[in-house]
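Me: I would like to go through the terms used for this model one at a time, asking in each case what the label rests on.

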Amino acid sequence: MGGAPEVLAGPLGGLTRVRAHGDPAAENLLVHGDNLEALARLRPRFDGAIRCAYLDPPYNTGRTFAEYADARAPAEWDAMMRPRLAALRPLLADDGAVFVEIDDTQLAPLTLLMDAVFGAHNRVSTITIVRSAPTGHKAINAGPVHVSDFLLVYAKDKKKWRYRPQVRVREGFDPAYSTWLEDPDAKPARWRFRPLRAAVAEALGHPTARAATRALGREAFVARVHAHALRKARHVVRFAQPRYEAIGQAARRVVDRSREAPERVFVLERDGRPPFIVRGGNRVLFLADKVREVGGAPAIVEPLTNVWDDVPFQGIAREGGVVFTRNKKPERLVARVLAMASDPGDWVVDPFLGSGTTAAVAHKMGRRWIGVESGEHLATLAEPRLRRVVDGVDPTGITAATGFSGGGGFVVAIP
Ligand SMILES: C[S@@+](CC[C@H](N)C(=O)[O-])C[C@H]1O[C@@H](n2cnc3c(N)ncnc32)[C@H](O)[C@@H]1O
């Protein structure tokens, strides 16, 4: 470690090694310098090698932070970003994607820039991230209170992008799941349905739901119903009207027949997809298809949407053991990005590394990473943070969720 700089031999020939930490075989790179130059130096070694890029550039807030100035004329901001996005593109894998976080100051210009560099046809999503509540000083500005960031998602090639579908935990129970199926393993023709509340009351030793409510109190009984339903999710169903215009011919025929014989259950087997089950003209949907084990307990999950209001920004001040006021992003946010756009072992890059969040998260999730930061806080914030991660002494952020307990290493380099 330390000593006179040496030019990295072989594929990383463009970078100069300064020092390293942890496993000497580790390839992860913490690059101290301007990201335009650094991205250029990553070529040709990393051409087409990066599966996921997360960028959290200066938002052009008009402020001057302790660590960096964030006030540019709009054209100047554009002139800063454009060549950096262009320099990133050749590094992305064909099945890779780039995520850029921004607030509404630069949202429109950034979208145009991304369209120009990555192609509007490769635009995947504009995700709204709810990062604060409408309290405090922000509420006194004229107009609606700004509480969101945006995450612009572009694939290198939308046809080739490999998205890893994500889910989020639903808050509370879904009351539409209100029917109990006695015998899910029996032939559908023999299925018997009754109200969920009645079935749970009986399981709790009460003759009826009304009796259970009287004995336990309404709130406690409802909580027991929901807990029971989650544990026995194979028995719990809802009925949902199919969108007639959105289903195929065969499914329509089944729906029509089911309307004529509403007590019968009809099953249409489908190749590679769950069967289409209908009763009384309605689809039978199982709660079990929406339940996953989360933190050791069953929870109802829903597909991830383009509104993320479930990743708190409050309470992250101590994450990573670094103070980077207003700029640090939650580890859980970056973890979600990496989970949807990369697999273990893939390369991840963050050219605006800041306090090191993306590198810390990538490390804990078993990705290989490259982080670039031009500020002096690379040495005072990001590097010490990553040393703690490697040494297994950072219990914050996603550490417990990933089960990461240390290991690996990284090289600090300059372009
Ligand atoms: C919004 S912060 C990133 C915060 C980061 N996501 C985190 O969680 O800590 C933007 C960072 O980009 C850095 N930066 C700005 N221009 C840069 C450039 N040309 N090259 C490298 N880093 C740059 C700034 O110093 C700052 O640390």
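Me: Why does Arg 43 count as exposed?

Reply: In this predicted model, Arg 43 has 12 C-beta neighbours inside 10 Å, and a residue is called exposed if 12 or fewer other C-beta atoms lie within that distance, so Arg 43 counts as exposed. Arg 43 is found in the loop between α1 and β4, and its C-alpha atom is separated by 9.4 Å from that of Ala 87, a residue 44 positions away along the chain.

Me: What makes the peptide bond from Arg 43 to Pro 44 cis?

Reply: The omega angle of the bond from Arg 43 to Pro 44 is near 0°, and the bond is cis. Pro 44, like Arg 43, is found in the loop between α1 and β4, with α1 covering 35-41 and β4 covering 50-55.

Me: Why is helix α9 described as largely enclosed by the rest of the structure?

Reply: The description rests on a count, in which a residue is buried if 20 or more other C-beta atoms lie within 10 Å of its own. Eight of the eight residues of α9, which spans residues 357-364, are buried, and the helix is therefore largely enclosed by the rest of the structure. The buried residues are Thr 357, Thr 358, Ala 359, Ala 360, Val 361, Ala 362, His 363 and Lys 364. Just after α9, Gly 366 takes a positive phi of about 75°. For the protein as a whole, buried residues make up 35% of the 415 residues.

Me: Why is α5 called oblique to α6?

Reply: The axes of α5 (residues 209-216) and α6 (residues 218-231) come within 6 Å and cross at roughly 120°. Angles of 65 to 115 degrees count as roughly perpendicular and those over 145 as roughly antiparallel; the crossing angle belongs to neither range, which makes α5 oblique to α6. The crossing of these two helices is right-handed.

Me: Which residues of α5 and α6 meet, and how do they divide by class?

Reply: From α5, Ala 212, Thr 213 and Leu 216 meet Arg 218, Ala 220, Phe 221 and Arg 224 of α6. By class, this contact has four nonpolar, one polar and two charged residues.

Me: What makes α4 oblique to α5?

Reply: Helix α4 (residues 196-203) packs against α5 at an angle of about 60°, with the axes 8 Å apart. Angles under 35 degrees count as roughly parallel and those from 65 to 115 as roughly perpendicular, and since the angle here belongs to neither range, α4 is oblique to α5. The crossing of α4 and α5 is left-handed, whereas that of α5 and α6 is right-handed. In the contact, Arg 197, Ala 198 and Ala 201 of α4 meet Ala 209, Ala 211 and Ala 212 of α5, and these residues divide into five nonpolar, no polar and one charged. Ala 212 therefore has a part in both contacts of α5, with α4 and with α6.

Me: How many domains are assigned, and how far apart do their centres lie?

Reply: The assignment gives domain 1, made of 6-166 + 306-414, and domain 2, made of 179-303. Their C-alpha centres lie 43 Å apart, and the C-alpha atoms of the protein fill a box of roughly 80 × 55 × 50 Å along the principal axes. The secondary structure comes to 11 helices and 22 strands.

Technical notes. Residues are numbered from 1 along each chain as its sequence is written. This is a predicted model: local features need pLDDT of at least 70, side-chain atom pairs count only at pLDDT 80 or more; totals for chains, interfaces and linings use all residues. Axes are lines fitted to C-alpha atoms, for helices over the stretch in contact, and angles run from 0 to 180 degrees between N-to-C directions. Helices (H or I, at least four residues) and strands (E, at least two) are DSSP runs, numbered from the N terminus. A crossing is left-handed if the near helix is turned anticlockwise from the far one by less than a right angle, and right-handed if clockwise. Two residues are in contact if their C-beta atoms, placed from the backbone, lie within 7 Å. Ala, Val, Leu, Ile, Met, Phe, Trp, Tyr, Cys and Pro count as nonpolar, Asp, Glu, Lys and Arg as charged, and the others, Gly among them, as polar. Domain bounds come from an automatic or database domain assignment.
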